[in-house]
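Visitor: I have a structure open and would like to go through it. Can you walk me through the sheets and the ligand site?

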Amino acid sequence: MKVILAAPRGFCAGVNMAIETLDTALKLFGPPIYVYHEIVHNQYVVDRFRNEGAVFIDQLSEAPLGSRLLYSAHGVSPAIRAEAAERRLKTIDATCPLVTKVHLEAVRFAKQGYTIVLIGHEGHDEVLGTMGEAPQCTVLVESPEDVDRLEVDPQRPLAYLTQTTLSVDDANRIIDRLKQRFPHIAGPPREDICYATQNRQEAVRLLTPEVDLVLVLGSQNSSNSQRLAELAREQGVAAHLIDHAREIDPQWLAGVHAVLVTAGASAPEVVVEDCLAYLQKQYGATVETRTIRTEEVHFALPKELRAELAAS
Ligand code: SF4
């Protein structure tokens, strides 16, 4: 069996920064550190931090008054920031700057009187945060059919924004439909789907034709990981999204000669290594890394932590 190992894969700059932020906060302040939602959408990472004293919460009321609260990489709405201030929580903001960029675009369009069409997945943490910037004038669409059903005030200008971790192809289909229906619709100055999402999708798109099976390391609630598996399936190749090699069903590998292994932006390299070790041990797999693109993006720690570090 041959394994093609996709590069780039796994952690992006936003996830690296969020993880380093929580690591640093635990070292500087000690547990517990409350984290609003999962720090990143990955079971392995969340379990590890839970063991080290992070407490993941879905309601701010779960964090005692005055305690330390970290916002995850997916960002939060202004309403959550206001509630945190009311509870006098000491906040650390690990929102990915590329998510913040979309928030700022939403604020700008809202101030200029636009109706904002946000392309994204209902209920995703990032979407909740972005919609919360301008809830009165934002509508969510998930498909071209949603665009057909859209009812907007014809007196107001229209703009679209997207979640950062969408399928590039799906987003383009929806944007095309929006432009057909609303030829004057404005868009973001630069694309919202982030570099990491695009690069991981590009690698899967280019490498999938060479294999009979794609294994994506990542959690089920990770949007960008789900998109990688979908992309492979769209090319007619079986694909499975797994948190760990333990989830591999040997039947998936029956008659398979070549496997593409990749990982979503929130999946740590250790789960990739475990998967490769399993395939090498059980199937005598040889591993070839194929680098489609190199990444050199790095985000600084949040300013609240930099200040603490400078003072310590
Ligand atoms: S996937 Fe993109 S937007 Fe999300 S944390 Fe990573 S770099 Fe930021």
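Guide: We can take the ligand site, then the two sheets. Note that this is a predicted model.

Visitor: Ligand, then. Which residues surround the ligand?

Guide: The shell consists of C12, G14, C96, L98, V99, T164, T165, C194, Y195 and A265.

Visitor: How many of the shell residues are nonpolar, polar or charged?

Guide: Seven are nonpolar, three are polar and none is charged.

Visitor: And what sort of space does the ligand take?

Guide: The ligand takes up the largest cavity.

Visitor: Switching to sheets. What is the strand order in the five-strand one?

Guide: The order is 10-9-11-1-12, in an open sheet with parallel pairing. Strand 10 (238-242) and strand 12 (286-291) are at the edges with a single partner strand each, so one side of each has no neighbour in the sheet. From one strand to the next the twist averages 25°.

Visitor: Which helix packs on that sheet?

Guide: Helix 9, residues 223-234, touches strand 9, strand 10 and strand 11. The direction of helix 9 makes about 165° with that of strand 10.

Visitor: How many bridges join strand 9 and strand 11?

Guide: Five, between residues 213-217 and residues 258-263. L217 has A263 of strand 11 as its bridge partner.

Visitor: Now the four-strand sheet. What is its order?

Guide: That open sheet runs 3-2-4-5, again with parallel pairing. Its edges are strand 3 (54-57) and strand 5 (90-93). The twist averages 30° from one strand to the next.

Visitor: What lies across strand 2?

Guide: Helix 1 (residues 13-29) does, running at about 155° to strand 2. Helix 1 also lies across strand 3, strand 4 and strand 5.

Note on methods: Residues numbered from 1 in each chain as written. Predicted model: local features only at pLDDT ≥ 70, side-chain atom pairs only at ≥ 80, totals over all residues. Heavy atoms only, no water. Pairing = 2+ DSSP bridges. Helix = DSSP H or I, 4+ residues; strand = E, 2+ residues; numbered from the N terminus. Axes fitted to C-alpha atoms, helices over the stretch in contact; angles between N-to-C directions. Contact = heavy atoms within 4.5 Å. Near = heavy atom within 4 Å. 1 Å grid on protein atoms, 1.4 Å probe; cavity = no way out; pocket = protein on both sides within 12 Å on 5 of 7 lines; lining within 4 Å. Sits in = over half its atoms within 2 Å of the grid points. Nonpolar A, V, L, I, M, F, W, Y, C, P; charged D, E, K, R; others polar.
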